[in-house]
Amino acid sequence: MTLTRITDRVTLIQLPLPLEGLTSVNCYVLRGDSEAVLVDPGWSSPETERALLDGLGELGLGPADIGRVLTTHHHWDHYTQAITWQGKHGIPVHLGRGDAPSIEAWHSLDGAFPRQVGLLRRAGAHGLAAEVEAMPAEVHEQDMDFDLPAGWIDDGAEIDLGGLVVRAHATPGHTRGHVCFEVVGEDLLLSGDHVLPRITPSIAYEREPSEDSLTSYLGSLRLVADLPGARLLPAHGAIGDSAAQRAKELIAHHDERLDVIRSLVVSGHATAHDIAAAMTWTRRERRLDDLDLVHRMTAVLEVAAHLTVLTHDGIVARTTDEGVAQYAAM
Ligand SMILES: [Zn+2]
């Protein structure tokens, strides 16, 4: 557990994660005159609980002092400890309303990535679709505390903590209901996984993904790009000086990707799968077939999302052949 005081009222508690690659999540404690809240208190586990209690203890707080928990989205590493404490201590959890369908789909759909299987077939990735369909739900995702939040957050909602106001900005893309929290008057943006300092956030990694996640995501990046002056307080990695600057870098990254994908359509690659196989992935420039199964899936679906944007912009044309989307240059 590492504690970082950002302002008099805002403190970061770094919490451990049981994941390879992503080893910690940033939980923020916001203290107003009348209420203290947590934002994204991590992955439900005894290790998280211990680190949280230690961090809160250093601030002279305990679970009984927390009025509510705000969460940026429903992914395990942000949301599940919140649900554990909602049950254990009665602290109400609040989450962006757009995440409701993906939470409900944990009860109504089976398998690890049920909707993605159909999207992969549509992308022309039949072998990959069969592999994903055969995948069991991850062991560490079973028996996890997972439930609906006590309250839903809508775009523009203001949460008054007494001398400290938190404004919610709906930032769909990473998930449909993703929310960033602006600490009004302190020039801070708690960006969740929408804007991360080093990583390019994945989009539509959820059980009920939106058809047009990249359009949503790019719109949400432009929203942050228009918040000049806000420091970046991400859910993973180091704090940055400018959320807007990082949002602009991510927009530029996707513009480059759109350009590469458009060129591949022009040179005759007709499906999202063909295009993904012709591209390189990760900062190590790996081939699609060298990635693990989940990353192969997200790569193909990311190309499909870019192709949807290019189609809407009138840059490529889409037809469907035996259920597979085929693209051609306009
Ligand atoms: Zn995360």
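These legends walk through several close-up views of one predicted protein chain.

Before the views, two notes on reading them. Residue numbers start at 1 in each chain and follow the written sequence. Because the model is predicted, local features are given only at pLDDT of at least 70 and side-chain atom pairs only at pLDDT 80 or more, while totals for chains, interfaces and linings use all residues.

**View 1. The whole chain, with its 9 helices and 14 strands.** Helices (H or I, at least four residues) and strands (E, at least two) are DSSP runs, numbered from the N terminus. The radius of gyration is 20 Å, close to the 20 Å given by the globule rule for 330 residues, so the chain is as compact as a globular protein of that length. Here the radius is taken over C-alpha atoms, and the rule is 2.2 Å times the number of residues to the power 0.38. Along the principal axes, the C-alpha atoms fill a box of roughly 60 × 40 × 35 Å. Of the 330 residues, 44% are buried; a residue is buried if 20 or more other C-beta atoms lie within 10 Å of its own, exposed if 12 or fewer, and partly exposed in between, with C-beta atoms placed from the backbone. Contacts (C-beta atoms, placed from the backbone, within 7 Å) often span long stretches of sequence: of those between residues at least 6 apart, 65% join residues at least 24 apart.

**View 2. Valine 25 in strand β3 (residues 24-31).** Is this valine buried or exposed? Valine 25 is buried, with 26 other C-beta atoms within 10 Å. Leaving aside residues up to four places away in sequence, its contacts include Leu15, Leu17, Trp43, Asp77 and His236. Asp40, the subject of the next view, is also touched by Valine 25.

**View 3. Two residues with a positive phi, aspartate 40 and glutamate 285.** Most residues other than glycine have a negative phi. Aspartate 40 has a positive one of about 55° and sits in the loop between β4 (36-39) and α1 (46-58). Glutamate 285, with phi near 55°, lies in the loop between α8 (272-278) and α9. Their surroundings are worth a look: aspartate 40 counts as buried, with 26 C-beta neighbours inside 10 Å, whereas glutamate 285 is exposed, with 8 other C-beta atoms within 10 Å.

**View 4. Helix α4 (residues 114-122) and its partner α5 (126-133).** Gln116, Val117, Leu119 and Leu120 of α4 are buried, and what covers the buried residues of α4 includes α5 and α9 (293-312). The helices α4 and α5 pack at an angle of about 170°, with their axes 8 Å apart. Axes are lines fitted to C-alpha atoms, for helices over the stretch in contact, and angles run from 0 to 180 degrees between N-to-C directions. That angle makes α4 roughly antiparallel to α5; angles under 35 degrees count as roughly parallel, over 145 as roughly antiparallel, 65 to 115 as roughly perpendicular and the rest as oblique. Gln116, Val117, Leu120 and Arg121 of α4 meet His126, Leu128, Ala129, Val132 and Glu133 of α5. This contact has 5 nonpolar, 2 polar and 2 charged residues, where Ala, Val, Leu, Ile, Met, Phe, Trp, Tyr, Cys and Pro count as nonpolar, Asp, Glu, Lys and Arg as charged, and the others, Gly among them, as polar. Just after α4, glycine 124 has a positive phi of about 85°.

**View 5. Valine 300 and the largest nonpolar core.** A nonpolar core is a set of buried Ala, Val, Leu, Ile, Met, Phe, Trp, Tyr and Cys residues joined through C-beta atoms within 7 Å. The largest has 85 residues, and those with the most contacts inside it are Leu30, Leu120 and Val300. Helix α9 gives the most to this core, with 10 residues. Beyond residues up to four places away in sequence, valine 300 touches Leu120, Leu128 and Ala276, among others.

**View 6. Helix α9 where α7 (residues 243-266) packs on it.** The two helices pack at an angle of about 85°, with their axes 10 Å apart, and are therefore roughly perpendicular to each other. Arg257, Leu258, Ile261 and Arg262 of α7 meet Val303, His306, Leu307, Val309 and Leu310 of α9. By class, these are 6 nonpolar, 1 polar and 2 charged residues.

Terms used. Two residues are in contact if their C-beta atoms, placed from the backbone, lie within 7 Å.
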